[in-house]
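Colleague: Before I go further with this model, could you take me closely through the sheet and what surrounds it? I would like one connected account rather than a list.

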Amino acid sequence: MKKYKVCVYAICKNESKFIERWVESMKEADAIYVLDTGSSDNSLEKFKELGVNVKQEIIKPWRFDVARNKSLELVPKDTDICVCTDLDEVFVPGWRAKLESIWNKNIDKVKYNYNWSFDEYGNPATTFFIGKIHRRNGYYWHHPVHEVLNSLPGEVEIIEPNITLNHYPDNEKSRSSYLPLLELSVEENPDDDRNMHYLGREYMFYKEYEKSITTLLKHLSLPSAKWDAERCASMRFIARCYLNLNRTKEAEMWFKEAIKEASYLRESYVELAQLYCDNKRYQEAYELLTQAFLIKEKPPIYINEAFAWNDYIHELMGIVCYNLKLYPESLKHMQLALELNPNCERIKDNFNLISKTLNN
């Protein structure tokens, strides 16, 4: 017997190819509500055919928070649990039963396992907890992009790691609106450390390296920028920008600062080790990667990057060990890299080279 009224809500624009898969995943809910923000494909018709409650409204000027809030308004007020997802996301079946088993009247929000990206073999690459399941009343979305749910006073939030949402993005979809919306977000809330970090990262994606450095330094200077993992990421991004500007000394300095900021994260060790390897400083690279491998647990935060945990780190260690003439250790890591990425011809060639060297 169902304990609570559970409703899914979402926004959509021209995502017809995802609709059937998404509805199949979400149909464990009592009802599904979608705000279509101006599809020109057959999204509206598909939703209606599948029994989804859909309404179309054009949002001008476009903001994700306005669209999210209007989609939430579609959900009946007597709903106990709201579940916000995107059309390119899919729950592992059985999510509703797990949700009802842990929900009670004192809970406001639930965080759950989110596989944001996968490797070419279908294994989770970037995984963290996300919190878009919440009670119906008292919540609204905030920020033009990278929108977040506002927190209720005294909010009670729990984590249910057995609920898993998988993200299968449309890589052909443009993210061109993100940069102007992030600039608007920082203009509206200049003291918001999260958005300042995202804006600096976006400038880096656009190869506007000087702007990225300036913005990420602003992030680090904000009194509210206290989360060491995000500060560490800003420092790594600053270092990447300096590398792209051919300013290696500054890059090295900022990678070192990133390690000091959050020594429990692998990423900074690996990126600095790559810099050292590129500059034939193999012993220093070896020491850094040895430290990285001592970190056994990947924290469930969005800062994680796949290269610190997949074949990349093992291949890098294999190359470093080879140049230090540590051939057995080199072969071990290259074999691990090959097991993780068996179709990579480069890794195969490196493995064969090391094997021949070891056997001569």
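**The sheet and its surroundings**

Modeller: In this predicted model, Val83 stands opposite Ile133 of β7. The strands concerned are β4, residues 81-84, and β7, residues 124-135, which run antiparallel and are joined by three bridges. Both belong to an open sheet of eight strands, whose order is β3-β2-β1-β4-β7-β6-β10-β5 and whose pairing is mixed. The edges are taken by β3 (53-56) and β5 (89-91), and because each has a single partner strand, one side of each is left without a neighbour in the sheet. Taken on average, and with direction ignored, neighbouring strands of this sheet are turned by 30° against each other.

Two helices can be followed against these strands. Helix α1, residues 16-26, lies across β1 (6-12), β2 (31-36), β5 and β10 (157-167), and runs at about 30° to the edge strand β5. Helix α3, residues 64-73, also packs on the sheet, where it touches β1, β2, β4 and β7, and its direction makes about 145° with that of β1. In the loop between β3 and α3 sits Pro61, which is joined to Lys60 by a cis peptide bond with an omega of about -10°. Another backbone detail is found in the loop between β8 (141-142) and β9 (148-149), the place of His143; phi of His143 is near 100°, a positive value in a residue other than glycine.

The strand β7 also leads to a pocket, since its range of residues 124-135 takes in Pro124 and Ala125, which are among the residues lining the second largest pocket. That pocket has a volume of about 170 Å³, and its lining also includes Asp119, Asn123, Lys298, Ala306, Trp309, Asn310, Asp311 and Leu340. By character, the lining divides into five nonpolar, two polar and three charged residues.

Asp311 of this lining brings us to helix α12, which spans residues 311-323. The axis of α12 comes within 11 Å of that of helix α10, residues 267-278, and the two cross at roughly 35°, with α10 passing α12 in a left-handed crossing. On the α10 side the contact is made by Val270, Ala273, Gln274 and Cys277, which meet Tyr312, Ile313, Leu316, Ile319 and Val320 in α12. The residues of this contact divide into eight nonpolar, one polar and no charged.

Technical notes
Residues are numbered from 1 along each chain as its sequence is written. This is a predicted model: local features need pLDDT of at least 70, side-chain atom pairs count only at pLDDT 80 or more; totals for chains, interfaces and linings use all residues. Side-chain values use heavy atoms; hydrogens and water are left out. On a 1 Å grid over the protein atoms alone, a cavity is a set of points where a 1.4 Å probe fits but cannot get out, and a pocket is an open set with protein on both sides within 12 Å along at least five of seven lines; lining residues have an atom within 4 Å of a point. Grid points are joined across faces, edges and corners, and a volume is the space filled by probe spheres set on the points. Ala, Val, Leu, Ile, Met, Phe, Trp, Tyr, Cys and Pro count as nonpolar, Asp, Glu, Lys and Arg as charged, and the others, Gly among them, as polar. Axes are lines fitted to C-alpha atoms, for helices over the stretch in contact, and angles run from 0 to 180 degrees between N-to-C directions. Helices (H or I, at least four residues) and strands (E, at least two) are DSSP runs, numbered from the N terminus. A crossing is left-handed if the near helix is turned anticlockwise from the far one by less than a right angle, and right-handed if clockwise. Contact means heavy atoms within 4.5 Å. Two strands pair if DSSP finds at least two bridges between them.
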